[in-house]
Amino acid sequence: MQEKKRKQAETERKRAEVRARLEEASKAKKAKKGFMTPDRKKKLRLLLRKKAAEELKKEQERKAAERRRIIEERCGKPKIVDEANEETVKRVLREYHNRISALEDKKFDIEYVVKKKDFETICSAYWNRLSLLEGDKYDLERQIKLKELEIADLNSQVNDLRGKFMKPTLKKVSKYENKFAKLQKKAAEFNFRNQLKQVKKKEFTLEEEDKEKKPDWSKKGDEKKVKEEEAAPPVSVEE
């Protein structure tokens, strides 16, 4: 009985300790939450704005001082020439002229450097773009090859489902017979004898042919021979 009471008292004590710890933790949280009151928040905002304004003013002053320093370095301090003589004015003008020429040279060099940097940036941008495109091209080619392999695999599966392909037997056909028939057809188209114009033949006799063959000068020779035979005396025949 005493042991039971002792255990109960121990559990009650532990519960009380846990309860106390939880209360302390809740109080600490409440204290932290209540630290930033609206007045404190307002004051903090004002301080931050004031600090930012001071920093901005200091930055502007620093930039103005830097600008004045650069102007003095490049252009020099202003010369007082109101009461100066002619030689002093000429000397000042020479100094300004020399300074202007030097600044023009520097300007040319700076422009060249700027253009070079711009060109390098453009080239680097194009190079990066090309490298990205090459990578995309490689990926696309790889995807295309994979798709082609998939298509080939599917085609093989379809062929397997349909069955084995049997090669059909081919019929022998003579090539020369077809060529000979074509040649005959072309010969019939180009039959020159049928396309020739028919001409009537004239029938000649032998006498007409001889007459036509003998020229005029041969006819005169025949007439002379006939006259000579008539003029010759008759030959007596002895019995």
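**Salt bridges, surface patch and pocket of an all-helical model**

E66 and R69 are both located in helix α2, where a spacing of three residues places them about one turn of the helix apart. Their side chains meet in a salt bridge, with an N to O distance of 2.3 Å. E66 is partly exposed, its relative accessible area being 34%, and R69 is likewise partly exposed, at 38%. The model described here is predicted.

The secondary structure of the protein consists of seven helices and zero strands, and along the sequence the elements follow the pattern α-α-α-α-α-α-α. Of the 239 residues in the protein, 1% are buried. The accessible surface comes to about 25,800 Å², and carbon and sulfur atoms account for 57% of this area.

Seven salt bridges are present in the structure. In addition to the pair in α2, one of them links E10 with R13, whose closest N and O atoms lie 2.2 Å apart. These two residues are separated by about one helical turn because they stand three residues apart in helix α1. E10 has a relative accessibility of 32% and therefore counts as partly exposed; R13, at 40%, also counts as partly exposed. A further salt bridge is formed by R91 and E95, with a distance of 3.3 Å between the closest N and O atoms. R91 is partly exposed, with a relative accessible area of 43%, and E95 counts as partly exposed at 35%. Both residues belong to helix α3 and are four residues apart, about one turn of the helix. Shared partners extend the pairing in one case, as salt bridges join E10, R13 and E17 into one network.

A nonpolar patch on the surface, with an area of about 270 Å², is made by M36, L44 and L48. Of these residues, M36 is found in the loop between α1 (2-33) and α2 (38-75). The relative accessibility of M36 is 35%, so this residue counts as partly exposed.

The largest pocket has a volume of about 160 Å³. Its lining is formed by E73, R74, R99, A102, L103, K106, K107 and I110. Helices α2 and α3 (86-162) each supply at least two of the lining residues, and α3 gives the most, with six residues. By residue class, the lining of the largest pocket comprises five charged and three nonpolar residues, with no polar ones.

How values were computed
Residues are numbered from 1 along each chain as its sequence is written. This is a predicted model: local features need pLDDT of at least 70, side-chain atom pairs count only at pLDDT 80 or more; totals for chains, interfaces and linings use all residues. Side-chain values use heavy atoms; hydrogens and water are left out. Patches are made of residues with over 30% relative accessible area and no salt bridge: like charges are joined within 9 Å, nonpolar side chains (Val, Leu, Ile, Met, Phe, Trp, Tyr) within 5 Å. Accessible areas come from the Shrake-Rupley method with a 1.4 Å probe; for residues, only the protein chains shown count as cover. A salt bridge is a side-chain nitrogen of Lys or Arg within 4 Å of a carboxyl oxygen of Asp or Glu. Buried means under 20% relative accessible area, exposed over 50%, partly exposed in between (1.4 Å probe, protein chains only). On a 1 Å grid over the protein atoms alone, a cavity is a set of points where a 1.4 Å probe fits but cannot get out, and a pocket is an open set with protein on both sides within 12 Å along at least five of seven lines; lining residues have an atom within 4 Å of a point. Grid points are joined across faces, edges and corners, and a volume is the space filled by probe spheres set on the points. Ala, Val, Leu, Ile, Met, Phe, Trp, Tyr, Cys and Pro count as nonpolar, Asp, Glu, Lys and Arg as charged, and the others, Gly among them, as polar.
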